[in-house]
Amino acid sequence: SAPGFRPCVPLAAPVAVFKLTADFREDQNPSKVNLGVGAYRTDEGQPWVLPVVRKVEKMIADDHSLNHEYLPILGLPEFRSSASQIALGEDSPAIKDNRVGAVQCLGGTGALKIGAEFLRRWYNGTDNTKTPIYVSAPTWENHNAVFSNAGFEDIRPYKYWDAGKRGLDLEGFLSDLESAPDHSIFVLHACAHNPTGTDPTQDQWKQISDVMKRKSLFAFFDSAYQGFASGNLDKDAWAVRYFVSQGFELFCAQSFSKNFGLYNERVGNLTVVAKDQDNLNRVLSQMEKIVRITWSNPPSQGARLVAITLNTPELFAEWKDNVKTMADRVLLMRAQLKEKLKALGTPGTWEHITEQIGMFSFTGLNPKQVEYLVKEKHIYLMASGRINMCGLTTKNIDYVAESIHEAVTTV
Amino acid sequence: MNSEFRERQPIGVKNLSKHGHTTWLPPVRKIKQQISTDPTLTPEYTHILGIPEFTRRATQLALGKDSPAIVESRVFGIQTVGCTGAVRLGAELLRSCYCSSSSWTHVFISLSFLEDSLAGTFKAAGIEDVQYYRYWDAESNGVCVENMLYDLENAPEQCVVVLFASGHRPTGAELSQEDWKRVAEVMKRQLFAFFLMSAQGLCSGSLEQDAWPVRHCVSLGLELLCAQSFSHNFGLYGERVGHLLCVLKQNLLAVQSQAEKLVQTLWSCPPMEGARVVATVLSNPAHLESVKAIAERCMLIRERLRERLRLLGGPWQWDHIIKPGGLYCCFGLNTQQVDFLVQKKHIYLLPNGCLNVSAINSRNLDYVAESIHQALSSKR
């Protein structure tokens, strides 16, 4: 028979969060609310182009001196260094020691990808396919696929979310750290855990760090929400910086999709903290080879925009302000939702709504209640009970609160 | 004169204007400015497979609007991060969905001189066994199609063959349409075509002609993949605008869904800016005339280079310089000669003396021609 694709190729399940948005779009009901996809929305329920972004976009389009060449394989140098500084702090001792480098990548996904491909080839010896990768239970649904496709065969959950008490299962987390084989790789959420919105406290991070150091566990941070969690960049970077101060070599996959609103320009950065400059250079040289056979070199638009913003004091200040605007709106919606549920007398405790941080909240609603909300009330949320706080507005929050009340009391 | 080249990047890769800079296709700046001030464009994630308008137009560009594959809905396109991204994704898709026998995992790539990341890209996708078929013939300074056909006919069944639709990298040497028909016959029997089309329109000056090999295979009913780049023909190097075309016989939605899964593990969704520009340009036929101008400039340079070399004398033939179109051209130099050009003359070329003709302009033409002449004259 003529060569071709297998006739029996199975139809892959659609990505849940995109299916949710597709269903939402098709829904004709005027009261519909989308609490699914993780993107910021204004109080009018619209995507928001950050004012600073609009300004810099225009600057770039009008700049005739810019060349249109390929970026270097590792990306725009001024983007990489300023992005790493955002994560580690400009006074980071590791930066001063010249042992911090970075690779510009295609969003947070791309940063995870390059990091994973590197670790599989070079982490400990030259074949790390059997090295366990630990991801939180639950975690962003794509973590598994990225590491698996990079060749890792053993991807395991570590205990994280305690459904009973609706908070962090620290004991379980620490226990899984203890029982992990030495040198295992742990994917840690730098802040604003997706999907639970529950972060360890500083004290809890210290405990986690102690075990990881003792057992030589590798810290691979995923930082997609810096600035979004508390509204303060430095505060949101505390965990990463603490690990650096404890002498860890680590990776930090940064995304600028959310905090710059640059979802579709794919702006990411893989920050590498190495033991010393020599090691750093060797790591980067291998990463360059990996990038070459993945996407060759990264896209310039988004990186240029971020670099200009971070490196220009007035623009940097304006950006921090824009980020705070987004974070503040989220905090307001959290406070109001909790207030309304309490006022309605909705059974259960709702403290977790304001205790959780970032874009997402793990409401604790069960699948049946979620189904009720989607089907009967046209409120779209993930089957896990995760809601995107940005989907709430002053106009729909009463409807949502009442609907949650109904779901909890009748289903 | 030397200092001009000292800071030069390799005359290997990019399409350069007469001033030696990469340059956008003329309409691009205006379109970019429009995009930057368009209030209706919102910051949302793109669709996993890219901007629908872009993939639709890129598919039409490659196959022609009336292609049977398009009419019969047997084709889908994926916006990728450049041509490399398209090749990587295509390789991953093949690994995941191609063929039922386990002995197929061979990829054949044309024998090329330089360290080629092409092989590395397939290997990274899990396709370890990469073999080479003969292509460039040093004796004739062109393609030896007999050698190529022999190697293809003796390739393992179900093997995947990487073919340059036009604009062969790095030699610039092309197959005639008659040659292509013979290649397609062999492919049809037992091999799978993975086309690379990185400079459609730049080679012959005609978008249709440059895409002919792909369209011919489609007309024969073959399934195939085609990786397209919009770097050279639009000057959008930094924006990484690529496209992976998939022509199937059946089961389109299933393969498409598997492709979506793979994209999620690579870059989640592609970057917007460049693809938006390309989609806008492709929607206006007048814009495409400027692509022709680039091709014409390349041909002019080739003719002038040949003339210069002829005037410098010597036993060598130079017709092969003007035979192909497009960006690349091969002089068949040995390592010492290439070294000489790089070290002593500060002319940075690809191994074996392949070069990008658009990097040659009125200021450096004499220098380049004289240097090549020198290199050949001092043949060891």
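Student: How much of residues 31-404 of chain A is helix, and how much is strand?
Tutor: In this predicted model, residues 31-404 of chain A are 45% helix and 15% strand. The C-alpha atoms at the two ends of this stretch are 14 Å apart.

Student: Which feature does UniProt place there?
Tutor: The UniProt record, an unreviewed entry, gives "domain: Aminotransferase class I/classII large" for residues 31-404 of chain A.

Student: On to the sheet in chain A. What is the strand order?
Tutor: Seven strands form an open sheet in the order β2-β10-β9-β8-β7-β3-β4, and the pairing is mixed. At the edges are β2 (100-106) and β4 (155-159) of chain A, each of which pairs on one side only. Direction ignored, neighbouring strands of the sheet are turned by 25° against each other on average.

Student: And which helix packs on that sheet?
Tutor: Helix α5 (residues 107-122) of chain A does, touching β2, β7 (185-189), β8 (218-223), β9 (250-255) and β10 (267-273) of chain A. The direction of α5 makes about 160° with that of β9(A).

Student: Do β3 and β4 of chain A run parallel or antiparallel, and how many bridges join them?
Tutor: They run parallel, and five bridges join β3 (residues 133-137) of chain A to β4(A). A:Ala137 stands opposite A:Lys159 in β4(A).

Student: Now helix packing. At what angle do α2 and α13 of chain A pack?
Tutor: Helix α2 (residues 51-62) and helix α13 (residues 313-344) of chain A pack at about 145°, and their axes are 8 Å apart.

Student: Which residues meet there?
Tutor: From α2(A), A:Pro51, A:Val52, A:Lys55, A:Val56 and A:Met59 meet A:Leu315, A:Glu318, A:Trp319 and A:Asn322 of α13(A). By class, this contact has six nonpolar, one polar and two charged residues.

Student: Switching to chain B: why is α13 described as largely enclosed?
Tutor: Helix α13 (residues 273-282) of chain B is largely enclosed by the rest of the structure because nine of its ten residues are buried. Among them are B:Arg276, B:Val277 and B:Leu282.

Student: What do those buried residues pack against?
Tutor: They pack against α12 (301-311) of chain A, together with α2 (27-37), α3 (52-63), β1 (75-81), α11 (231-234) and β9 (241-247) of chain B.

Student: One last residue, B:Ser229. Is B:Ser229 buried or exposed?
Tutor: B:Ser229 lies in strand β8 (residues 224-229) of chain B. With a relative accessible area of 5%, B:Ser229 is buried.

Student: What does B:Ser229 touch?
Tutor: Not counting residues up to four places away in sequence, B:Ser229 touches B:Cys83, B:Met197, B:Ser198 and B:Val241. In addition, a polar atom of the B:Ser229 side chain lies 3.0 Å from the backbone nitrogen of B:Ser231.

How values were computed: Residues numbered from 1 in each chain as written. Chains lettered and ligands numbered in written order. Predicted model: local features only at pLDDT ≥ 70, side-chain atom pairs only at ≥ 80, totals over all residues. Heavy atoms only, no water. UniProt positions renumbered as here; feature names shortened; annotations may be inferred. Helix = DSSP H or I, 4+ residues; strand = E, 2+ residues; numbered from the N terminus. Axes fitted to C-alpha atoms, helices over the stretch in contact; angles between N-to-C directions. Contact = heavy atoms within 4.5 Å. Nonpolar A, V, L, I, M, F, W, Y, C, P; charged D, E, K, R; others polar. Pairing = 2+ DSSP bridges. Buried < 20%, exposed > 50% of the residue type's maximum accessible area, 1.4 Å probe, protein only. Polar contact = N/O pair within 3.5 Å; in protein donor to acceptor, adjacent residues only side chain to side chain.
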